Amino acid sequence: MPRLMPEDASLLLDHVVGDPSVPAAAANAALAALPFPSRPTPRLLRASLLRRLAADPVSAAALDSLQLLASLPSSPSPAAPAAAAAAAAHLAVAAYLAVSAPDFDAAAGALFGRPGGRARRAVEEGGAAALASDEADAVADQFEAAVGNSFSQTVLRGLWGDRAAAEERVRELLAVEWAAIGQSRLEMAAERIVGDGAIETWRAADEVTRAKYRLLAGEQRAREIEGKLGETIPQGNQISTPEVHKVMDALKSSCANLHSVVEDPLPAAKAAADEVLAARMDKAVDLNAGEVSNQPTACDIAGPSAPADNLDAPRKGTAASLMDWNPTARTFQWEDSPDPDGSRSPIHRPQLPSPRRTTFSPLQPADNKAKRRKARKWCALEEETLRKGVEQYGNGNWKDILTNNPDVFIGRKAMDLKDKWRNMMR
DNA sequence: GATTGGGTTAAAT
DNA sequence: ATTTAACCCAATC
């Protein structure tokens, strides 16, 4: 058995750490067990940052990760949703750090002050393109202006002081990023050898290499590919002894074992992406519905959908708000209001510039038919986690089980957990 | 909003 | 053709 070379370690980490269905614990174990490559693949670098963010989504270190992530060369498709999610997460974390710091003035200055503020630099020209936006500029200005102004600080705390909201922005970014992370080097190689590109690859291979391909592809697939090559399988070249058969069987079963352990990450990633897109489209539709009643075809019209919607001040409670009757109007409302009875006239509310929103157009808004998700088989880890979850949180508490295992149940809904449990109990 | 029972779809046998 | 697993819907709490 040859020693594990650094390139091999790099390939393995690229495959495992970059696979969203591999739980954090397993990825960390792999990272601890193998030398981290001196020149990691972009995918591995990205995945490492994502996992670091997942473990610690709202902190100074997270802000670093977010900025680093934005400075990486973008994934295969530099999708607009990804950039929007990155900008929203970065802004939410930076703003939360500022408002939650013991010394607002110092923190806001360090983060948003001109010219050297950490977050300011990231969102301005010359910083990461993905993080730049009019909204980010506006918020940076707000924070800068709030230094020494306790009233503005109160407003900003109300707007940005919800840690859970900031974390949610980061989780949304993680979902988008994982969905776009693409194939590992190993998967691409596998694709070339047994997938669509097989014919060309096999044609170019010499007989020794092709023999290896045959082992990797399995007997049946190899026959298919060689059939398409228009060549007969050279029986004469095959050594046929019981020993060779034993070795081949062993290889095949270890291959099968590998397949059963290493889940294809793409379906989960696709599901996660669909999830995010669907959630956004739902929001768009809901806004339209609330605004224009009795208009069944309203979904066809591009509405005021806004992915940055939840960047709003956390609006808890049921107090009536201007937002209730005029969705385009903006008002501030904060939890730690000094007059909880609401007796103060709105005229006294501070006049900070409202964060601007970038309009977001979901793909294919015309197709309102919510299409059925493609059925994706449950892997052993999911089943085991579900079993443990029912034990721990109780039968029926699907939401708890789901939200406490976000790494495992990627693209699943609470309802799916219920259905799966029903199947498992049959 | 979360959960549930009953129903539909499509893959597997 | 039948069975099974994953997914969806609408009622209910």
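**Protein contacts with DNA strands B and C**

Mentor: In this predicted model, the residues around DNA strand B are Arg372, Lys374, Gly396, Asn397, Trp398, Lys399, Ala414, Lys418, Asp419 and Arg422.

Trainee: What makes Arg422 a polar contact of a base of DNA strand B?

Mentor: A polar side-chain atom of Arg422 lies 2.9 Å from a base oxygen of DNA strand B, and a pair of N or O atoms counts if it is within 3.5 Å, so this pair qualifies.

Trainee: How do you know that Gly396 and Trp398 make polar contacts with phosphate oxygens of DNA strand B?

Mentor: For Gly396, a backbone N or O atom is 3.2 Å from a phosphate oxygen of that strand, while for Trp398 a polar side-chain atom is 2.7 Å from one; the limit is 3.5 Å, and therefore both pairs count. Two or more residues of the surface near DNA strand B come from each of helix 19 (398–403) and helix 20 (414–424), with helix 20 giving the largest share, 4 residues.

Trainee: Why is Lys420 said to be near DNA strand C?

Mentor: An N or O atom in the side chain of Lys420 is 2.9 Å from a phosphate oxygen of DNA strand C, and a heavy atom within 4 Å is what the term requires, so Lys420 is near that strand. Altogether 14 residues surround DNA strand C, and Lys420 is among the closest. Of the atoms of DNA strand C within 4 Å of the protein, sugar and phosphate account for 60%.

Conventions: Residues are numbered from 1 along each chain as its sequence is written. Chains are lettered from A and ligands numbered from 1 in the order in which they are written. This is a predicted model: local features need pLDDT of at least 70, side-chain atom pairs count only at pLDDT 80 or more; totals for chains, interfaces and linings use all residues. Side-chain values use heavy atoms; hydrogens and water are left out. A polar contact is a pair of N or O atoms within 3.5 Å; within protein, one must be able to donate a hydrogen and the other to accept it, and residues adjacent in sequence count only if both atoms are side-chain atoms.
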